[in-house]
Amino acid sequence: MADSVALDPVDLHILRLLQNDARTTYRELAAEVGVAPSTCLDRVTRLRRSGVILGHRLRLDPARLGRSLEALLSVQVRPHRRELIGPFVERIRTLPESRALFHLTGPDDYLVHVAVTGTADLQRLVLDEFTSRREVARVETRLIFQQWECGPLLPPSAESAESGP
């Protein structure tokens, strides 16, 4: 497990702003957080080097790309052995329909977020790419009606860490 990185209020403010719009310029960031642009650049560089900032991504609207139906597929793999898991994960990651893949605990081993053109495409995907694999024991499909983005990811505050469970 990676060690957490000490972040001060300026770092946290920079992270909030960048998570809301990664295209924000250093000049705009600096003005918003109250530091010089060179200081802002140094801080963002440090956040990248320390692994806090992993990269920048472009979000696309699946419906506008012709993939108007999204679903979550709960997948059970049997037997759950490393020599079967590696190829399964790599295949699922290469599918153009795959949006995210999670390895889980519990009765299901994987949760796959997919975006497809419609129900026939979803059925084809499940039958041809999942249940046809010898290691896939079960697939359960849940359609996504709506989804929301949540707030920026920040470390727990000192107060919430101390109150704990």
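Student: Is Leu 15 buried or exposed?
Tutor: This is a predicted model, and Leu 15 sits in helix H1, residues 9-20. The cut-off for buried is under 20% relative accessible area. Leu 15 comes out at 8% relative accessibility, so Leu 15 counts as buried.

Student: Which residues does Leu 15 touch, not counting those up to four places away in sequence?
Tutor: Start with a residue that shows up in the distances: Leu 29 is 14 residues along the chain from Leu 15, and their C-alpha atoms are separated by 9.8 Å. For the touching residues, leave out anything up to four places away in sequence. What remains is Leu 7, Leu 47, Val 52, Ile 53 and Leu 154.

Student: Moving on to charges, which residues are linked with Asp 8 in a network of salt bridges?
Tutor: Take the pairs one by one. Asp 8 forms a salt bridge with Arg 43, and Arg 46 forms one with Asp 11. Put into a network, the residues linked with Asp 8 are Asp 11, Arg 43 and Arg 46.

Student: How many residues apart are Asp 8 and Arg 43?
Tutor: The closest N and O atoms of Asp 8 and Arg 43 are 2.9 Å apart. Yet the pair links distant parts of the chain, with Asp 8 in the segment before H1 and Arg 43 in helix H3. Along the sequence, the separation is 35 residues.

Student: And why does the pair of Arg 46 and Asp 11 tie together separate parts of the sequence?
Tutor: Their closest N and O atoms are 2.7 Å apart. Asp 11 lies in helix H1 and Arg 46 in helix H3, so the pair ties together parts whose separation in sequence is 35 residues.

Student: Is Asp 11 buried or exposed?
Tutor: Look at its partner first: Arg 46 has 34% relative accessibility, so Arg 46 counts as partly exposed. Asp 11 has 2% relative accessibility, and therefore counts as buried.

Student: What is the strand order in the sheet?
Tutor: The sheet is open, has 4 strands and pairs in the antiparallel sense. Strands S2 (98-103) and S4 (136-144) each have a single partner strand, so they stand at the edges, with one side of each left without a neighbour in the sheet. From one strand to the next, the twist averages 20°. Read across, the order is S2-S3-S1-S4.

Student: Which residue in S3 is the bridge partner of Glu 70?
Tutor: Here the strands to look at are S1 and S3 (residues 110-116), which pair antiparallel over 7 bridges. For Glu 70, the bridge partner in S3 is Ala 115.

Student: On the other side of S3, what stands opposite Phe 102?
Tutor: S2 and S3 run antiparallel, joined by 5 bridges. They form a hairpin with 6 residues between them, and Gly 106 in the turn has a positive phi of about 100°. Opposite Phe 102 in S3 stands Leu 111.

Student: Which helix lies across S1, S3 and S4, and at what angle does it run to S4?
Tutor: The helix lying across those strands is H5, residues 119-131. Relative to S4, H5 runs at about 160°.

Student: Which residues are in contact with Val 89, leaving aside its neighbours within four places in sequence?
Tutor: Val 89 is found in helix H4, and its relative accessible area is 19%, so Val 89 is buried. His 103 is 14 residues apart from Val 89 in sequence and 9.2 Å apart in space, C-alpha to C-alpha. With the neighbours within four places left aside, the contacts are Leu 101 and Tyr 110.

Student: Where's the cis peptide bond?
Tutor: Most peptide bonds are trans. The one to look for has an omega of about -5°, and Pro 79, one of its two residues, lies in the loop between S1 and helix H4. The cis bond joins Arg 78 and Pro 79.

Student: Last one: which residues make the nonpolar surface patch of about 360 Å²?
Tutor: Leu 65 is a good place to begin, in the loop between helix H3 (37-49) and strand S1 (69-77). Its relative accessibility is 58%, so Leu 65 counts as exposed. The patch is made by Leu 58, Leu 60 and Leu 65.

Technical notes:
Residues are numbered from 1 along each chain as its sequence is written. This is a predicted model: local features need pLDDT of at least 70, side-chain atom pairs count only at pLDDT 80 or more; totals for chains, interfaces and linings use all residues. Side-chain values use heavy atoms; hydrogens and water are left out. Patches are made of residues with over 30% relative accessible area and no salt bridge: like charges are joined within 9 Å, nonpolar side chains (Val, Leu, Ile, Met, Phe, Trp, Tyr) within 5 Å. Accessible areas come from the Shrake-Rupley method with a 1.4 Å probe; for residues, only the protein chains shown count as cover. A salt bridge is a side-chain nitrogen of Lys or Arg within 4 Å of a carboxyl oxygen of Asp or Glu. Buried means under 20% relative accessible area, exposed over 50%, partly exposed in between (1.4 Å probe, protein chains only). Two strands pair if DSSP finds at least two bridges between them. Axes are lines fitted to C-alpha atoms, for helices over the stretch in contact, and angles run from 0 to 180 degrees between N-to-C directions. Contact means heavy atoms within 4.5 Å.
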